[in-house]
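Biologist: Please pick one small part of this model and look at it closely for me. Then walk me outwards from there, in plain words, as I'm new to reading structures.

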2 protein chains.
Amino acid sequence: MCPSKVADGEQRGWIIPIGGAEDKLQRRRILKRFVQLCGGRDARIAIIPTASRLSDTGSRYVDLFERLESGPSSIVDIQTREDGEREDYLDMLANATGIFFTGGNQLRISTIIGGTSAAKLIRLRNAAGIPVAGTSAGASILSEHMIAFGKEGSSPRAGSVRLAPGLGLTNRFIIDQHFRQRDRLGRLVAALAFNPFAIGIGLDEDTAAFIGPDNTLEVEGSGALTVVDASELQFSSMADAGQTKPVCLLGLKVHILVEGATFNLHTRKASPGTLMTERDPA
Amino acid sequence: MCPSKVADGEQRGWIIPIGGAEDKLQRRRILKRFVQLCGGRDARIAIIPTASRLSDTGSRYVDLFERLESGPSSIVDIQTREDGEREDYLDMLANATGIFFTGGNQLRISTIIGGTSAAKLIRLRNAAGIPVAGTSAGASILSEHMIAFGKEGSSPRAGSVRLAPGLGLTNRFIIDQHFRQRDRLGRLVAALAFNPFAIGIGLDEDTAAFIGPDNTLEVEGSGALTVVDASELQFSSMADAGQTKPVCLLGLKVHILVEGATFNLHTRKASPGTLMTERDPA
């Protein structure tokens, strides 16, 4: 489940986790920027509504992208593992200029699509330069290590979070979504404490991380993106704390980013980005 | 509202903010340790129930301390600003070996006791070596800058928190309580962003910071204590973000401490404390 290899001279496509409840009626900054990255009027977006149990989730996004003047979208309606091998669906993915995962339950995506030809093709297409976005559950699934579910609103405890393998477009971060709205800092920090190599990204609703081919993340949307960097952790009691006791973690670095700010997933450096230039127009 | 000066050769008394809902029936680690610091069987604790609107709050703590085998407690029942000048109450405070603020609403304490002789005497007594503890609202009031109220459960916004002058036993930290239970990280971070000199201390329920005369804080209780250190902040958009937009804050340091761990408010160094020695008994 490692990311597919990017060919020499090529660039990986954008990876765009969205915190859920993205603006669909007003400014629509996130969806608009995604459509642009997919080619604007030439965009052919493949929508994967597998996470959702609602029958109209796919067609809802077809409408949304159409109103943003994208080219024609298609619904890759994978509902069973057999669907993940269907030729017509694989064709849609092969011809898409962008791939979008809707919200719902991320375990539906991992259990139904994980290990199928569709999953492999999505990784290949992203490695070949195609943007892949996902909202809510669709955001969680993008990385190699995914928060399957967990307890909200508490200090970090080993028992408060359960990880599962995700789609593996990247292994640099662990995503959580509806972040402040559902008070998920504790479970994200717990997820990182298992192995602090990854970077935690907590996405508020209507907030997205646009992660470019150079592994620089830019924030888009009305909320905040919380970066938790545990790489300089000086102490962790995770191995001894048991399932239910809070974990002692010393030396976490936290950045709260808003629209315009950036974070480099490689160097782990945060920057105010355009916030700084907006401030000093002179 | 600065802390009273500690006389040469003397030591300031312990300052003990408690996150609320401290265990009153089982292990009672926090209240027990407080009673010990006040002198155990020789303790004469002055209980200040001003924050509470319930008439039995004071007598409830008299019972609790008695069951922990302290000496006799007294209730300093300040309900009006005139009460803050009453000789009998000032005598109780002058003779106490420990002072305890109950929970309720911290604005009741600051508006009723702030600026009275009682407030001044409490600072003097603490500077002379007497421990002062407070739970919930009683914890918030202890520092010079107090969170009066604020919005819970969101990313930091300037409008999400309102500061007021507290009792001023210390100016090193800003306290928030019921921390994870009421999702108050956002507002604590916002409070720090106004002026990052202070250290943010978020106390879970049944969790206390025992802050010694040397300004080293030790955690006691079943939850976690979240330290937010904004002193190395590399960027803040606080001044430009307005009241309602989330604030961009880059370079926060966060430590999650549990029972046994320590943090030095002077050097800003966190340590696993006894957690480390418990782990390696050999």
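**A serine in a loop, and what lies beyond**

Modeller: Let's start with Ser136(A), which sits in the loop between β5 (132-135) and α6 (137-140) of chain A. Keep in mind that this is a predicted model. You might expect a loop residue to stick out, so let's check the number. Ser136(A) has a relative accessibility of 12%, and because anything under 20% is called buried, this serine counts as buried.

Who are its partners? Leaving out residues up to four places away in sequence, Ser136(A) touches Ile18(A), Gly19(A), Gly20(A), Gly103(A), Gln177(A) and His178(A). Ile18(A) and His178(A) have very different numbers, yet both are on that contact list.

Now for a buried residue over in chain B. Asp176(B) belongs to strand β8 (residues 173-176) of chain B. With 0% relative accessibility, Asp176(B) is buried too. Beyond its sequence neighbours, it touches Ile147(B), Arg184(B), Arg187(B), Leu188(B), Ile201(B), Gly202(B) and Leu203(B).

Two of those names, Arg187(B) and Leu188(B), come back in helix α7 of chain B, where they are among the buried residues. Nine of the 10 residues of that helix (residues 185-194) are buried, so the helix is largely enclosed by the rest of the structure.

Three other names on Asp176(B)'s list, Ile201(B), Gly202(B) and Leu203(B), also touch Leu225(B). Leu225(B) lies in strand β12 (residues 225-229) of chain B, and at 0% relative accessible area it is buried. Its contacts also include Thr207(B), Ala208(B), Leu217(B), Val219(B) and His255(B). To get a feel for distance, compare Leu225(B) with Arg12(B): they are 213 residues apart in sequence, and their C-alpha atoms are 23 Å apart in space.

Follow Leu217(B) next. Among the residues it touches are Ile201(B), Ala209(B), Phe210(B), Leu225(B), Leu257(B) and Phe263(B). Leu217(B) is also one of the residues with the most contacts inside the largest nonpolar core, which has 150 residues. Ile99(A), Phe101(A), Leu217(A), Ile99(B) and Phe101(B) are the others in that group. Apart from it lies another core, of 20 residues, with Leu31(A), Leu64(A), Phe100(A) and Phe210(A) among its members. In soluble globular proteins, nonpolar side chains tend to be buried together.

Phe100(A) is worth a pause, and it takes us to the aromatic rings. Over all chains, the structure holds 10 aromatic pairs. In one of them, Phe34(A) and Phe100(A) are 5.7 Å apart, centre to centre, with 50° between the planes, which makes the pair tilted. Phe34(A) comes from helix α1 (residues 29-37) and Phe100(A) from strand β4 (residues 98-101), so this pair links distant parts of chain A, 66 residues apart. Phe34(A) is buried at 1% relative accessibility, and Phe100(A) is buried at 0%.

Phe100(A) has a second partner, Phe65(A): here the ring centres are 5.4 Å apart and the planes are at 80°, so the pair is edge-to-face. Phe65(A) sits in helix α2 (residues 57-67) of chain A, so its pairing with Phe100(A) in strand β4 ties together parts that are 35 residues apart in sequence. Put Phe34(A), Tyr61(A), Phe65(A) and Phe100(A) side by side and you have one aromatic cluster.

Rings can have charged company as well. In chain A, the charged end of Arg86(A) sits over the ring of Tyr89(A), 4.2 Å from its centre. Chain B has Arg86(B) over the face of Tyr89(B), at 4.2 Å from the ring centre.

What about cysteines? Cys248(A) is buried at 0% relative accessible area, and Cys38(B) is buried at 4%. A disulfide is a covalent bond between the sulfur atoms of two cysteines. A search of the whole structure finds zero of them over all chains.

Last, step back to see both chains together. A turn of 180° and a shift of 0.0 Å along the axis lay chain B on chain A with an RMSD of 0.0 Å. That is the relation of a two-fold axis. In chain B, the residue that comes closest to the rotation axis is Lys253(B), with its C-alpha at 2.4 Å. And 100% of the interface residues of chain B are also interface residues in chain A, so the copies meet through the same surface.

Notes:
Residues are numbered from 1 along each chain as its sequence is written. Chains are lettered from A and ligands numbered from 1 in the order in which they are written. This is a predicted model: local features need pLDDT of at least 70, side-chain atom pairs count only at pLDDT 80 or more; totals for chains, interfaces and linings use all residues. Side-chain values use heavy atoms; hydrogens and water are left out. Rings of Phe, Tyr and Trp (its six-membered ring) pair if their centres lie within 6.5 Å; planes under 30 degrees apart count as stacked, over 60 as edge-to-face and the rest as tilted. Helices (H or I, at least four residues) and strands (E, at least two) are DSSP runs, numbered from the N terminus. Buried means under 20% relative accessible area, exposed over 50%, partly exposed in between (1.4 Å probe, protein chains only). A charge sits over a ring if NZ of Lys or CZ of Arg is within 6 Å of the ring centre and within 35 degrees of the ring normal. Contact means heavy atoms within 4.5 Å. A nonpolar core is a set of buried Ala, Val, Leu, Ile, Met, Phe, Trp, Tyr and Cys residues joined through side-chain atoms within 4.5 Å. A disulfide is a pair of cysteine sulfur atoms within 2.5 Å. Copies are superposed by least squares on the C-alpha atoms of residues with pLDDT of at least 70 in both.
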